[in-house]
Amino acid sequence: MSLPQAAAPAPSPAPMPQGRLEVRGLTVRFGTMTALDGVGFHVEPGETFGIAGPNGAGKSTLLAACTGHLRPAAGEVLLDGRLLRGRPHAFCHAGVARMFQIPRIFASLDVRENVRTGAIFGRPGATPAAARDEVERIMDQTGLAPFATRPADSLPLLARKKVMLAAALATGPRILFMDEPLGGLNEAEIEEFSALIERIRAERGLSVVLVEHKIRALVRLSGRIMILNFGKVLRIDRPAAILSDPEIIRLYLGKRHEH
Ligand SMILES: Nc1ncnc2c1ncn2[C@@H]1O[C@H](COP(=O)(O)OP(=O)(O)O)[C@@H](O)[C@H]1O
Ligand SMILES: [Mg+2]
């Protein structure tokens, strides 16, 4: 028995993939109704992956299943090769964050305290000083610093959305799921919040999964777009290809695609 003369130097570790999502065969049923039927796709690290489709297509259900809020009947979700399972906090600690469709803030708390709830929920191991620094950094990044001590429910809609975004970021995600974040905003606000999402994605190297009805913004932000229809993947393609398909425009994006 002979041992190798000299051990080869250990190969330098490959860079850790950050925020690569793999969804396989995801099926969700509500009673006898199949809301998602074998949905599969992947998101590259740092990609913004757009999702569109008519009302009831299963977009919110998909986000719920990818963030631990709904248990699928079949299929799996992996982040950087690791199977995500269990309750939402387990997904959160694995690097998954979700910004909800309906503004969810703690009305009795001020803006900074709202953002801090994200840090407490998502990073129980962080030292108080580290958590505080990160909260302040996120407040700066999202433009919320001037409103830090304002009651969160006293703010206009765009600012409340920023609070939700900031709280999601404070959990320390590698991937952020957003359900129609631009809903209810006017054109100028859509511009501002789209630009903020894009800047934060770039600065933090986040992957983003973006469900959005405002198609113009979705096309601008997304690397690829998936069209869901009746719980199934109709198409996954570059925005230009999606936009140049009149059938998709007519049937699945709806009249509001000009927005
Ligand atoms: N908790 C639930 N119980 C029963 N049916 C639901 C539930 N949530 C969603 N659904 C149904 O699942 C389908 C997909 O809904 P949803 O994911 O909200 O669609 P989308 O977000 O694309 O508009 C719809 O038919 C909806 O009525
Ligand atoms: Mg929805």
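In this predicted model, Thr27 is buried, with a relative accessible area of 7%. The residue belongs to strand 1, which spans residues 21-30. A polar atom of the Thr27 side chain lies 3.0 Å from the backbone nitrogen of Gly38.

**The antiparallel sheet**

Strand 1 is part of an open sheet of 4 strands, ordered 2-1-4-5 and paired in the antiparallel sense. Strand 2 and strand 5 form the edges of this sheet, each pairing on one side only. Strand 4 and strand 5 run antiparallel and are joined by 2 bridges. Within this pairing, Leu78 has Leu83 of strand 5 as its bridge partner.

The loop between strand 4 (74-79) and strand 5 (82-83) contains Asp80. Asp80 has a relative accessibility of 18% and therefore counts as buried, the limit being under 20%. Its side chain reaches the backbone nitrogen of Gly19 at 2.9 Å.

**The aromatic pair**

A search of the whole structure finds 1 aromatic pair. It consists of Phe41 and Phe49, whose ring centres are 4.9 Å apart; the planes stand at 5°, so the pair is stacked. Both partners are withdrawn from solvent by the same criterion: Phe41 counts as buried at 5% relative accessibility, and Phe49 counts as buried at 0%.

**The surroundings of ligand 1**

The residues around ligand 1 are Phe30, Met33, Ala35, Pro54, Asn55, Gly56, Ala57, Gly58, Lys59, Ser60 and Thr61. By class, this shell has 5 nonpolar, 5 polar and 1 charged residues. Strand 2 (33-43) and helix 1 (59-66) each supply at least two residues of the shell. Helix 1 gives the most, with 3 residues.

Polar contacts to oxygen atoms of ligand 1 are listed below.

| Residue | Part of the residue | Distance to an oxygen atom of ligand 1 |
|---|---|---|
| Lys59 | polar side-chain atom | 2.8 Å |
| Ser60 | backbone N or O atom | 2.9 Å |
| Ala57 | polar backbone atom | 3.2 Å |

On its own, ligand 1 has 550 Å² of accessible area, of which the protein covers 55%.

**Helix 1**

Helix 1 is largely enclosed by the rest of the structure, because 7 of its 8 residues are buried. The buried residues are Lys59, Thr61, Leu62, Leu63, Ala64, Ala65 and Cys66. Lys59 thus combines a buried position in helix 1 with a side-chain contact to ligand 1 at 2.8 Å. After helix 1 comes Gly68, which has a positive phi near 85°.

**Strands 6 and 7**

Strand 6 (residues 96-99) runs parallel to strand 7 (residues 175-179), and 4 bridges join the two. Ala97 stands opposite Leu176 in strand 7. From strand 6, Val96 and Arg98 point one way, whereas Ala97 and Met99 point the other way. All of these residues are buried, Arg98 included.

Ala170 is found in the loop that connects helix 5 (157-169) with strand 7. Ala170 is buried, at a relative accessible area of 0%. Its C-alpha atom is separated by 7.0 Å from that of Arg116, although the two residues are 54 residues apart along the chain.

**The hairpin of strands 9 and 10**

Strand 9 (residues 224-229) pairs with strand 10 (residues 232-237) in the antiparallel sense, over 5 bridges. Met226 has Ile236 of strand 10 as its bridge partner. The hairpin has 2 residues between the strands, and Phe230 there takes a positive phi near 45°.

Definitions and conventions. Residues are numbered from 1 along each chain as its sequence is written. Chains are lettered from A and ligands numbered from 1 in the order in which they are written. This is a predicted model: local features need pLDDT of at least 70, side-chain atom pairs count only at pLDDT 80 or more; totals for chains, interfaces and linings use all residues. Side-chain values use heavy atoms; hydrogens and water are left out. A residue is near a molecule or strand if one of its heavy atoms lies within 4 Å of it. A polar contact is a pair of N or O atoms within 3.5 Å; within protein, one must be able to donate a hydrogen and the other to accept it, and residues adjacent in sequence count only if both atoms are side-chain atoms. Accessible areas come from the Shrake-Rupley method with a 1.4 Å probe; for residues, only the protein chains shown count as cover. Ala, Val, Leu, Ile, Met, Phe, Trp, Tyr, Cys and Pro count as nonpolar, Asp, Glu, Lys and Arg as charged, and the others, Gly among them, as polar. Two strands pair if DSSP finds at least two bridges between them. Rings of Phe, Tyr and Trp (its six-membered ring) pair if their centres lie within 6.5 Å; planes under 30 degrees apart count as stacked, over 60 as edge-to-face and the rest as tilted. Buried means under 20% relative accessible area, exposed over 50%, partly exposed in between (1.4 Å probe, protein chains only).
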